[in-house]
Amino acid sequence: MTDLKLPNCERPTVTPDGKYRILVVDDESSVLLTYRLILEHQGYEVVACGKSTEAIALLQNQRFDTVLCDYSLEEQHTGFEVIAAARRHDPAIPAALLTGYATKETADEAAAKNIAIMIKPTVTEEFLATTSKMLKRDGYGR
Amino acid sequence: MKNNAEKKPPKVPVTSIRSGSMIWGSNLATAELRFQPEGFGGRRNKKPRMAAMRLMDAERSDEIFSLLLEEIAALGYPRALVLEADFDTGRIVPAAAHKWPRLQAEKLATTLSADSHPITRVLLASRPAVLTKTTFHPRPVYLHPILYSQNNVCWEAGRVSTAGCLAVRNSRREAAISAKDQTCPNCEIRGYAAVAVVELAKRNTEADLTELGELVELANMSLSRLHRAQYRYERVREMEITIAQMATVMQSMTDPVMLTDTQHHVIMQSKAAERFFKAPPGARERDLRALDANQQLFASALSTMLVSGIEPHRDLVLLDVQKGAEVIFEAVAAPTYGPDGVHVGAVTVMRDVTELRLAGLELRSNFDKLRSTEEIVRQDRDRLNLIIENVGDPIVVCDRQARIILMDTLAQELFGNPAAVGASRSALQSKNQEVFAAYSKMFTSSASDRETAPLQLYNPAVRQSIEYDARSGKIFDEMGHVAFTVTVLRDLTALRKVEQLKVERRILEIEKFAATGRLAATIAHEVNNPMEAIKNSIYLLAESIPPDALPIYNILKSETERVARIVRQMLGLYRNNEQVKPVNVNTIIEDTLLLLNRQLQRANVEVRLDLRELPDAVIAADQIRQVLSNIIINARDAMPDGGKMLIRTRHLPGRNELRSWVRILIADNGTGIPRDLQRAIFEPFVTTKGEKGTGLGLWIVKGIIQNHAGKLSARSTVGKGTVFKIDLPVVRL
């Protein structure tokens with residue numbers, strides 16, 4: 001469980017090349033939608049995917065600044081796979097797993113792979129803060 | 001002529017004498033004394049009176065003869081002599097003389113048995129006589145007998161009222177006297193016999209003879225009285241001497257001896273008896289009462305003894321007034337009789353048997369004690385046998401050489417019965433015995449008082465080799481050397497089975513719990529996503545809410561967040577599907593701390609670890625991790641400004657060697673939990689964190705610990721800190 005207390009800071013929404021692109025993956029449609037709306041409201045460019053296969057396919061073609069992915073997609077804990085796919089194209093891409101629970105093993109694995117974990121139900125402010133940190137590639141460790 | 005030089009009479013008044021008138025009145029008319037003198041009346045009356053006074057004045061009997069001879073001489077007779085008889089020798093010899101030459105006097109000596117001798121005859125006939133010229137003496141002589149005689153019977157004869165008094169017999173001249181009879185049969189006085197011999201002149205008349213006779217009789221009266229008085233005196237003296245001797249004898253006796261009269265009053269007592277019956281000088285009131293009591297006790301005991309005659313002795317307890325102690329006596333009494341067979345009193349000897357009786361009592365009491373001790377020992381032995389028979393485990397007692405001396409029935413199954421007829425012991429039993437002997441020797445010679453060790457023995461009853469748990473102890477003698485060893489063999493198989501079952505059940509419970517957890521997790525997970533959507537939507541709606549709807553909107557938001565927290569927490573705790581297996585708790589602690597280290601550091605919490613070696617415990621590792629992290633986070637939350645945390649583990653022994661405990665202590669010096677909440681913190685929905693707490697954490701923690709059959713408790717002081725204590729069971733199978 002990562003618990004980041006961030007000082008109040010500006011959340012960058014625009015890169016020199018344009019807006020940040022975030023890939024959000026979650027198999028719950030309403031959750032997916034609301035995440036997208038929140039992130040877009042924040043000023044990010046969001047691509048929302050409902051299936052892991054879709055997400056992996058997208059990652060092949062498109063470039064993203066960060067990946068936020070639900071851990072148990074299709075009941076199969078394929079979150080890691082999606083992120084692995086993203087890392088294949090951009091090894092340093094910041095990624096976070098969104099999950100309702102995390103076993104020690106999961107946490108260990110995430111830590112080993114330099115993947116953040118966000119526990120659902122999230123606190124929206126924290127959700128946004130973590131995302132911002134990740135985008136800045138700014139030590140979003142455990 | 002007669003000598004008129006009369007002596008002056010002494011000053012004592014002369015008592016009237018019964019002047020032998022009786023004597024004179026009787027029988028003096030003998031052939032020799034036929035004629036009565038004339039003209040001598042006046043003088044005759046005066047002279048005897050004077051003489052009588054002198055004779056009565058005599059104080060000693062041996063004066064009488066001299067006085068008599070003086071008086072005879074005063075009457076003018078030239079010579080006179082008194083011969084006295086000695087009853088022992090039978091001789092009659094001169095005793096006193098007046099101008100009588102010795103040689104001539106001795107010529108008159110004779111014996112009592114010389115019947116023909118005139119002097120003897122006078123004595124025996126007890127009559128006076130005149131002897132004319134004889135071969136004994138050239139001149140005529142007047143002979144007068146002097147015999148002990150009295151008118152009244154002696155006192156003793158009077159008592160028994162016989163007339164057998166010597167004195168009276170003599171005076172009455174009832175019979176011829178004999179030498180042998182001169183002892184009074186009653187008073188035992190010895191009479192005397194003498195003869196007065198007076199030489200006569202030619203001119204002496206009958207009257208002169210009469211006068212002489214009267215004089216002699218007068219002398220005899222005095223003499224008899226004095227003789228009796230002397231005799232009495234001597235008897236009294238003898239008695240006094242005897243009494244004194246008896247008294248000495250009595251005093252010399254160390255036992256109290258009492259001579260009592262018929263009223264049981266003490267006539268005489270030994271010195272030893274005085275302590276009990278005589279008041280010492282300066283005796284106090286209560287001493288006198290004690291003496292009185294002694295007297296009464298004694299008198300009553302004496303009465304009983306003398307009256308009953310059956311019990312010649314009795315036990316008597318008297319108070320020794322001088323020493324102030326009670327003394328037990330055995331009194332023996334015998335009646336005493338006077339010389340005439342009359343009961344005059346009793347003599348009692350008392351033996352101090354205090355020590356004897358006390359010894360007897362002590363002996364009795366010791367005997368009773370012995371009996372009751374025997375009884376107790378017997379009961380103990382019976383109880384012990386009962387216990388041993390019912391223990392249900394083989395029990396073996398060995399001596400100091402580690403040889404088996406006692407076995408209960410179960411032990412006999414294992415080792416064989418040495419006392420059984422035809423002592424058949426199977427090979428297996430022999431083997432068992434070897435194994436046991438080796439163990440027993442080792443223990444007996446070891447320095448420890450107790451020992452527990454596994455022993456592999458074959459149990460023929462179940463036909464199996466069983467590992468017994470042998471527990472031994474030593475019994476020491478008074479000198480501290482090993483006297484016996486006692487060993488109990490416990491078959492733990494059954495116990496192990498039970499423990500095994502318990503563990504299996506617990507694993508089941510844990511797994512069920514996990515399953516429930518999984519179920520809960522599944523439900524929570526199901527709820528999770530909708531919650532996320534709701535929450536996100538609320539966030540998104542924020543800007544679209546009209547101002548007057550804001551309060552409602554806020555309620556919506558905050559309550560939703562609360563539900564979200566609950567779900568989160570539930571998910572956070574029920575997220576494992578791990579297996580239950582033996583794990584080292586220390587490892588789990590370290591893992592958890594690793595995970596939480598950053599947070600703790602940031603919170604300025606200093607963690608100290610005190611982990612001792614632990615055996616593996618069969619637990620669900622992740623659940624325990626949850627427990628630990630929950631408690632650690634709580635501790636951190638209680639120290640908002642930082643503080644210290646201590647985590648300690650210990651391995652504690654349990655009730656038997658199969659069970660033990662792993663204890664985990666987590667202590668902080670934070671704000672503490674208020675007393676009224678301490679019980680309630682483990683209940684659901686109780687929190688000290690205000691809005692932020694869900695109140696579920698410790699409830700779930702408790703649930704996990706309970707499923708592990710562990711124990712959980714908390715101690716806290718507000719302002720000082722809190723300690724959580726977790727005990728997890730360990731079973732060695």
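Q: Quick one before we start: what makes two strands count as a pair?
A: Two strands pair if DSSP finds at least two bridges between them. Strands (E, at least two residues) and helices (H or I, at least four) are DSSP runs, numbered from the N terminus.

Q: And what am I looking at here?
A: A predicted model, where local features need pLDDT of at least 70, side-chain atom pairs count only at pLDDT 80 or more, and totals for chains, interfaces and linings use all residues. Residues are numbered from 1 along each chain as its sequence is written, while chains are lettered from A and ligands numbered from 1 in the order in which they are written.

Q: Cool. How do β5 and β6 of chain B pair?
A: Strand β5(B), residues 141–147, runs antiparallel to β6(B), residues 193–199, over seven bridges. Val141(B) stands opposite Glu199(B) there.

Q: What's the strand order of the whole sheet?
A: This open sheet of six strands goes β3-β2-β1-β6-β5-β4 in chain B, with antiparallel pairing. Its edge strands are β3 (110–111) and β4 (129–131), each pairing on one side only.

Q: Switching to helices: how do α3(B) and α8(B) cross?
A: The axes of α3(B) and α8(B) (residues 206–252) come within 9 Å and cross at roughly 170 degrees. Axes are lines fitted to C-alpha atoms, for helices over the stretch in contact, and angles run from 0 to 180 degrees between N-to-C directions. The two helices are therefore roughly antiparallel, a label for angles over 145 degrees.

Q: Which α3(B) residues meet α8(B)?
A: Among them are Ile64(B), Leu67(B) and Leu68(B), with contact meaning C-beta atoms, placed from the backbone, within 7 Å.

Key:
Angles under 35 degrees count as roughly parallel, over 145 as roughly antiparallel, 65 to 115 as roughly perpendicular and the rest as oblique. Two residues are in contact if their C-beta atoms, placed from the backbone, lie within 7 Å.
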